[in-house]
Amino acid sequence: MKSIESSSETRREGLRPGTLEAALVDRLTRGMGKSPETATARDVYDALSLAVHEELNTRWLATQRRVARARVKRVCYLSLEYLPGRSLLNALHALDEAFPREARAAVEKLGFDLEDVAAQEVDPGLGNGGLGRLAACYLDSLATLHYPAVGYGIRYDYGIFTQQIAADGGQREIASTWLRLRNVWETPRSSARYVVRFGGRSLAEDGAEPTGPHRWVDTQDITAIGFDQLVPGNRGPTVNHLRLWSGRALTPFHIEAFNAGDYPAAVREQIEAKNLSRVLYPDDSTPQGKELRLRQQYFFVSASLQDLLATHTAEGRDLSELPDSVAIQLNDTHPALAIPELMRLLVDEHGVPWRQAWAITRGVFSYTNHTLLPEALETWPVSLFERLLPRHLEIIYLVNREFLDALEASHPGDVERQRAVSVIEENGDKRVRMAHLAVIGSHRVNGVAQLHTELMRRHVFAQFASLDPDKFVNVTNGIAVRRWLKQANPGLSALLTERLGSAWENDLEELGRLAGAEQDGEFRRLFRSIKRANKQRLAAEVARRTGVAIDIDSLFDVQVKRIHEYKRQLLNLLHVVTRYLRIHDEPTASWVPRTVLFAGKAAPGYAMAKSVIKLINQVARTINADPLMRDRLKVVFLPDYDVSLAQRIMPAADLSEQISTAGMEASGTGNMKLALNGALTIGTLDGANIEIRDHVGEENMFIFGLTAAEVEARRAAGYRPHAALDSAAALRRAVELVDSGHFAPDDVRDARAVVSRLLADGEPYLVLADFADYARAQRAADDLYADPESWSRRAVINTLNMGHFSSDRSVREYAERIWRVAPVI
């Protein structure tokens, strides 16, 4: 190990090229009391992260001063989920192009590899899938484009669970331990501390109208404490922040109870307060789980709104100016309680008249809808609101009454329309429809892909759209190119920079300047060699995690996403089983070798999704142990899918499985990440697949299956899955093999439950109906992969035509069409 010097100069002047090495040793020795000669990889990670985080803090303070002086409009992004991924490499790349090289050289002098040091960081378990990753991409783009913004969420102690695969192939949920060691990247904010209340009673002020101020009394109160994670823009001065709330009791320890021997009572309030920020999406199959979810949602929106109002008033602004100073984006329905909470704060706490408060509220809020699935549009029992949030229920009733009164005035006697749009569902037990509340309380509602927005207007919110069509707009999702190309695929990034310069990092449309490069034989050769190196890295990760050796020359067929029936992992798996049977039937045929990779988590209470995971692993175990399959077919389920694993998978994939039932996927972003990294899509005309087709060309994808209109018609006619079996002998044979217990002879119950679901009349996801066309598309993929030049030509076309799908483009559209905000540099 070489000796490297420390210096105190970087403490005074901040990081700049040429100083990172000294800053690392300074934090290691003076900040942590560690000797370079005996430092561990974790010590080096902590020291390097401290040095980088200090620079982020300096730039964050400068950003806050610029924004405060400019007195401009800020974006406040409310999301129950975030999946930011690891911070160290992201920050090094963002701060200066020299820092990754300097960091690599500095840690090598200490005897370590930068990737091994960076791997000491545990992915923050703050999200479950695309919703959280999208939120993180948008925060990245907001900072890169210099928009003043803050994200708000919950600092989950254990977050989403760590997934393990049991001996029988089933999913086991283990508490995530992402906070078990010091988290260098967060800063507790003692000034960001707010009281959040539950329960109690709502009392009108003497002589007040129903719309007048009320007092919320006899409540159970807890404290929300803010922890900031800084979000740097790429190669620019802007650093924004993500503020995450953690629950604490007002009185965390009752010494009287402790001294009396009632030890549980001494800490009961602290335990109950901390439960609000323990885990993401507690299982809501029990009444306690449902209540905790509603408490979580209110906890985070109340703290967030109190915080943004405190910032607003501290700058000397009047509350009437709020729509000109704040744009609040609701990321799905989870934060919809922010609408009645802002009304409560304005009317009850700040004395704003009701009508003015409602105009302010509708002026600041906009709502992104992410689903067309009715079960995913949250509703809550009125009885639960009465007990937990009585004042908010009053406000919701008033808002709903005024909306329905206006509807009656414009459409007299249209009772059916009134029932359709009411915030209160009257059938059976009364429930609060949170999506309806979000629509009524927002000035804009957006879908996240063209098809999704069209279906949202025509079906989910059809009555609302007929009343106010201009309220509903489309902003197609995008991805952060810095994370998903620059960091995930350094080989391809270097090739693009060599040809284009580095401007593409902040303007992905620059890739269009390489149009025609697919005809360049040398470019294709380099592209293939980069893909092969990426496949080698992924193969090593697969071997490390599962013990399965995979052939890097095989076609890497990838389906990585949340496990859900509409995403149709079962369609993929049935094709795997038919391929397995065909290889047995024709062992001497010339088979294109294929490695099928699955990854994703199932919600703990989603029994069918968990049965699918078990079946995938059982099929994989059988196939991988079969000598006849060697060098022809492998199947792998990679456990505990997260951002860091995705960054290994996306650059290595050859075939991208985007096979949801048409009309059910809002957008998808995995399809964008994979295509950007040179994977060819096999997919239905669903979500953003349609727009990807429009940009890369249908001839450069493998499109199959029923369209959304055809799915709708098939359901209306009465879908019978058995009809698909009657016309497809290979499919029938595969289904019967699964049902027979071939892949799990010791316990066939899960496999039979899956088959029963597939064969049930009216099966909602039409898996078997699309199988024949899916198999045709898979044969076309085999044929093309057998011609490496043709495959790489189409892969290059995919990469170079993905410029539209940057989250920078999405954020600009939000800024111009919804938020009306401007950058501050």
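Reader: Ala, Val, Leu, Ile, Met, Phe, Trp, Tyr, Cys and Pro count as nonpolar, Asp, Glu, Lys and Arg as charged, and the others, Gly among them, as polar. On that scheme, how does the lining of the second largest pocket divide?

Author: Into 17 nonpolar, 5 polar and 6 charged residues. This is a predicted model, with local features needing pLDDT of at least 70 and side-chain atom pairs pLDDT 80 or more, while totals for chains, interfaces and linings use all residues. Numbering runs from 1 along each chain as its sequence is written, and side-chain values use heavy atoms, leaving out hydrogens and water.

Reader: OK. What's the volume of that second largest pocket, and which residues lie nearest its centre?

Author: About 670 Å³ (space filled by probe spheres on grid points joined across faces, edges and corners). Among its 28 lining residues, Leu372, Leu373, Pro374, His459 and Val460 lie nearest the centre. On a 1 Å grid over the protein atoms alone, a pocket is an open set with protein on both sides within 12 Å along at least five of seven lines; a cavity is a set where a 1.4 Å probe fits but cannot get out; lining means an atom within 4 Å of a point.

Reader: Which elements give two or more residues to that lining?

Author: α17 (434–440), α18, α19 and α28. The largest share, 4 residues, comes from α28. Helices (H or I, at least four residues) and strands (E, at least two) are DSSP runs, numbered from the N terminus.

Reader: And α18, which of its residues are buried?

Author: In α18 (residues 450–460), Leu451, His452, Thr453, Leu455 and Met456 are buried, meaning under 20% relative accessible area with a 1.4 Å probe, protein chains only. Their cover includes β15 (444–447), α19 (462–467), β16 (472–474), α27 (689–696) and α28 (708–717).

Reader: Switching to cores. How many residues has the largest nonpolar one?

Author: It has 241, and those with the most contacts inside it are Phe299, Phe385 and Trp819. Helix α10 (residues 287–314) gives the largest share, 10 residues. Apart from that core lies another of 31 residues, including Leu92 and Val117. A core is a set of buried Ala, Val, Leu, Ile, Met, Phe, Trp, Tyr and Cys residues joined through side-chain atoms within 4.5 Å.

Reader: What does Phe385 touch?

Author: Leaving aside residues up to four places away in sequence, Phe385 touches Leu294, Leu337, Trp380, Pro390, Leu393, Ile396, Val432 and Met434, with contact being heavy atoms within 4.5 Å.

Reader: How many cavities of 30 Å³ or more are there?

Author: There are 8. The largest has a volume of about 310 Å³, and 21 residues line it, with Pro84, Ser87, Asn90, Leu230 and Val231 nearest its centre. Its lining takes at least two residues each from α3 (41–70), α4 (88–95), α7 (130–144) and β8 (220–232). By class, that lining holds 12 nonpolar, 5 polar and 4 charged residues.

Reader: And the second largest cavity, how much space lies there?

Author: About 140 Å³. Of its 15 lining residues, Tyr45, Glu121, Val122, Trp178 and Asn183 are the closest to the centre. The lining has 6 nonpolar, 5 polar and 4 charged residues.

Reader: Backbone now. What's the phi of Asp332, and where does that residue lie?

Author: Asp332 has a positive phi of about 80 degrees although it is not a glycine. Asp332 sits in the loop between β10 (326–331) and α12 (338–349) and is buried, at 8% relative accessible area.

Reader: How about Leu766, buried or exposed?

Author: Leu766 is buried, with a relative accessible area of 0%. Its phi is positive too, about 50 degrees, and its loop runs between α31 (749–759) and α32 (771–785).

Methods. Buried < 20%, exposed > 50% of the residue type's maximum accessible area, 1.4 Å probe, protein only.
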